[in-house]
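Reader: Please take me through this two-chain model by way of questions, beginning with how each chain is built.

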Amino acid sequence: MRATELAGLRQRAAEIFRARGFPTTHDEEWRFTNVAAIAKADLPIAAPKVSCHSLRAALELHPELIDEHLGRYASNDSNPFVALNTANFEDGAFLHVPKNTIVDEPVWVDFTGVSGHATHQRNLIVVGAGSQVRVVERYTGAGRYFTNAVTEIVVGENATVEHVKLEEESPDSFHIATIQVQQARDSNFKAHNISLGGLLVRNDVNAVLSTGCEGTLNGLYLTKGNQHVDNHTALDHAAPHAASHELYKGIMDGASSAVFNGKILVRKDAQKTDAKQTNKNLVLSENAVINTKPELQILADDVRCTHGATVGQLDEEALFYLRARGIGQIEARDLLIYAFARDVIDRVGIPSVREYLEKALFESLEDSRRLAGAAS
Amino acid sequence: MGGKEILRGINLTVNPGEVHAIMGPNGSGKSTLAQVIAGRDLYTVTKGEVIYQGQDLLALAPEERAQEGIFLAFQYPVEIPGVSNLYFLKAALNAGRKKKGEPELDAMEFLSLVRQKIALMEMEESLLNRSVNAGFSGGEKKRNEIFQMAVLEPRLALLDETDSGLDIDALKIVSNGVNTLRGEDRAIVVITQYQRLLNHIVPDYVHVLAEGRIVRSGDKSLALTLEESGYAGIEELAETAQ
């Protein structure tokens, strides 16, 4: 049986169960067996009525959703890599959460890059009104390859979506990704954009906010060796009474370079917008470079928009304080770097991801030391 | 530091069980002395030696000195946002234990030790989960220093102006904490500008530091003399000693 067939079978079965529900004792076949206790037991009996497929399967299973949403948000005109993806994508992840559905467990999607290949992953996440879901996209791989991913996320009215992107690509890989978010009225969207690997990395995270929305774009980038990581974000306040929060933190070591470019557009009608953007950078080496640039375009007159960027080094006083209490130099340094980064990590609402990130961060710092040791 | 000579003649022997007070006006080099002993690399020692338990202290990194039992209560405790007091203390305590070949304390043992010591300093337990010194008042920071000392149980404690800026209640709590820690195998050096502290922590010896030199040493009565005559006379003494 092909994956698409199985998916279709399950979909039809789910519909049957949804229509009929648990049998009762009015049902002749179940006259003497009351299964109400099972239904009341509060156990996760039926899988949520959520469709989670490969995009290719979804083309057959949900043609109407594909027609309605795919390629409607990410722009082929403004970003050539989106055009490249749209022209060439073969597959990706598709997630549809119908309205008023709470998905308790986070959905993990893993992508593995293969040496010698270019892959254009195309993901579509459609979340219905009043629903709630958390999604983790992770990118890893080995060797020299090119990832060119596009994720479109549609957040329905009053829905809550948290999205984590973990970029842990191989040291020789190229990673270009666009996350395009469309927020309907009163919805709440949070993105955590974490970049730990890759040789050349560019992330574009863009969100369009409607009336009463809350949009959060957080990010963390750790660069070392010859890595280059560029994060471009764009928040489009298209309607009034929306709030956006943005916190990006970067830690640069070796001869690496990073870019933060944060665009905030407040359209003419978007009165009472409240937008806050912060970018903080910790530069660990003399050869590391950070370019940070806020780009605010405010066309409404009754708004609050703040932005700030800092670039600093490790606090020598704090380092000495820790060492004077017996904590070794390397451990003290790592502890201060972690303290800097955890601000972003702590904001991730999925405990398992927070733990994972904590570990990944310390591993990355160790890698960084190995690189520095090899270079000297 | 910056090519400036700060300390120019310190001859001091501190034995286990003793409490020494080093007094002196602003800029006399008191804090520099404490920082040099703790291993701050802002200062270069051009001459002289510091022998601690028979070994050359100046050859050790700051963390090694701490692991060997040296503790500096900072004049200006550093705020470290993002590092919890509890995590910090546990890392510090276990670093010392590891050095001594003792097993690391598990979470329960550590917590019970910490609870006992925090009660001694009359501090709220909620402080443990807050970031190190972040948002603490001046008095809370100083109390936190002595709390750390109580947990780490050093062999040589240097208290750098721990009394400065404390009101009388906080001063009593801090002094009581320090007095509880006095003992046969622990030496304490109290650095202060004010005689007031020495009413609460009574020293065995008092030394007067001026212009980078110890110009007078004596017992606790020296502090009282100083309180009456002020540091002016001492500075003259330093000049005549040159």
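**Chains, contact and core**

Author: The domain assignment of chain A, whose bounds come from an automatic or database domain assignment, gives domain 1 (1–47) and domain 2 (50–313). This is a predicted model, in which local features need pLDDT of at least 70 and side-chain atom pairs count only at pLDDT 80 or more, while totals for chains, interfaces and linings use all residues. Residues are numbered from 1 along each chain as its sequence is written, and chains are lettered from A and ligands numbered from 1 in the order in which they are written.

Reader: How far apart do the C-alpha centres of the two domains of chain A lie?

Author: Along its principal axes, the C-alpha trace of chain A spans about 80 × 50 × 45 Å. Between the C-alpha centres of domain 1 and domain 2 of chain A, the distance is 37 Å.

Reader: What radius of gyration does chain A have, against that of a compact globule?

Author: Chain A has eight helices and 18 strands, counted as DSSP runs (H or I of at least four residues for helices, E of at least two for strands) and numbered from the N terminus. The radius of gyration is taken over C-alpha atoms, and the globule rule is 2.2 Å times the number of residues to the power 0.38. For 376 residues a compact globule would have a value near 21 Å, with which chain A agrees at 23 Å.

Reader: And what radius of gyration does chain B have?

Author: Chain B has nine helices and 10 strands. The globule rule gives 18 Å for its 242 residues, so chain B is as compact as a globular protein of that length, its radius of gyration being close to that value at 18 Å.

Reader: How many residues does each chain bring to the contact between them?

Author: Two residues are in contact if their C-beta atoms, placed from the backbone, lie within 7 Å. By that criterion the contact takes 17 residues from chain A and, from chain B, 20 residues.

Reader: Of which classes are the residues on the side of chain B that touches chain A?

Author: Helix H2 (62–67), strand E5 (80–84) and helix H3 (85–99) of chain B each supply at least two residues of that side. Ala, Val, Leu, Ile, Met, Phe, Trp, Tyr, Cys and Pro count as nonpolar, Asp, Glu, Lys and Arg as charged, and the others, Gly among them, as polar. On this basis the side of chain B that touches chain A has two charged, five polar and 13 nonpolar residues.

Reader: Which helix gives the most to the largest nonpolar core?

Author: A nonpolar core is a set of buried Ala, Val, Leu, Ile, Met, Phe, Trp, Tyr and Cys residues joined through C-beta atoms within 7 Å. Of the 145 residues in the largest one, those touching the most other members include Val127(A) and Leu158(B). With nine residues, the helix that gives the most to this core is H7 (residues 329–345) of chain A.

Reader: Is Glu161(B), with its positive phi, buried or exposed?

Author: Glu161(B) is not a glycine, yet its phi is about 50°, and it is found in the loop between strand E7 (156–160) and helix H6 (168–181) of chain B. A residue is buried if 20 or more other C-beta atoms lie within 10 Å of its own, exposed if 12 or fewer, and partly exposed in between, with C-beta atoms placed from the backbone. Because Glu161(B) has 21 C-beta neighbours inside 10 Å, it counts as buried.
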